[in-house]
Amino acid sequence: MREILRTTEITNLSDQDIPPMFREVVERGWSVTAAGGRVLTDLRPETSGTYVDRLAEETTINGRGMTDYDLPATPGERTPLLVRRCLAYVCACLRKAQEEFRDTQVKAYVSLSFADTEEALLTSNVTFCTPLPDVRPYIPNLEAVTDAAIAEISLEDCSAWS
């Protein structure tokens, strides 16, 4: 992921980089579940589910694949657009989380991997969670992941891209 971020133009991210459906998610902001989970309000299911812990609740509710059907298939064109979309969405959501919760504890996770299809197009997933001292990390040993490019992003990271 470091290489992708290093070689992709990711400065001057704006809401225009975010697909309309995801902009709506950002606009509706954050809420807290009965179990204390910090979740994007627009992504909350109508009926609450049962989760192993707060981490599972947050990552399950907040996790989504980024819209990419309208992007070119050529990796050189697709990758930078997809990365910009993910990072713009992440930064907008993290700013909203800070406004709502008055802290910067929520972290974002962006993963990029190749779809298991004939075209093997690059796809991405974004989720958010709040690291807790009594719960295992969302992705233990992040640097050891080899089947996807993954980044943990904090609000502080976003200052370099906005």
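Why is helix 3 (residues 54-62) largely enclosed by the rest of the structure?

1. In this predicted model, helix 3 is largely enclosed because seven of its nine residues are buried. The buried residues are Leu55, Ala56, Glu57, Glu58, Thr59, Ile61 and Asn62, and they pack against strand 1 (30-32), strand 2, strand 3 (64-65) and strand 5.

2. At the N-terminal end of helix 3, Asp53 acts as a cap, with a side-chain oxygen placed 3.1 Å from the backbone nitrogen of Leu55; Leu55 is itself among the buried residues of the helix.

3. The largest nonpolar core comprises 40 residues, and those with the most contacts inside it are Trp30, Leu40, Tyr89, Val90, Leu94, Phe128 and Ile153. Two or more residues each come from helix 2 (20-28), strand 2 (38-40), helix 4 (75-101), strand 4 (107-114), strand 5 (122-129), strand 6 (149-153) and helix 5 (155-158), with helix 4 giving the largest share, 13 residues. Separate from this is a second core of six residues, which includes Tyr109, Cys129, Val135 and Ile150.

4. Trp30 deserves a look of its own: leaving aside neighbours within four places in sequence, its contacts include Arg38, Val39, Leu40 and Thr41, together with Asn62, Cys93, Lys96, Ala97 and Phe128. Of these partners, Asn62 is one of the buried residues of helix 3.

5. As to confidence, the mean pLDDT of the protein is 93, and 99% of its residues reach 70 or more. Among the elements, strand 2 has the highest mean pLDDT (98) and helix 1 (residues 2-7) the lowest (84).

Conventions
Residues numbered from 1 in each chain as written. Predicted model: local features only at pLDDT ≥ 70, side-chain atom pairs only at ≥ 80, totals over all residues. Heavy atoms only, no water. Core = buried A, V, L, I, M, F, W, Y, C linked by side-chain atoms within 4.5 Å. Buried < 20%, exposed > 50% of the residue type's maximum accessible area, 1.4 Å probe, protein only. Helix = DSSP H or I, 4+ residues; strand = E, 2+ residues; numbered from the N terminus. Contact = heavy atoms within 4.5 Å. pLDDT = per-residue confidence, 0-100. Polar contact = N/O pair within 3.5 Å; in protein donor to acceptor, adjacent residues only side chain to side chain.
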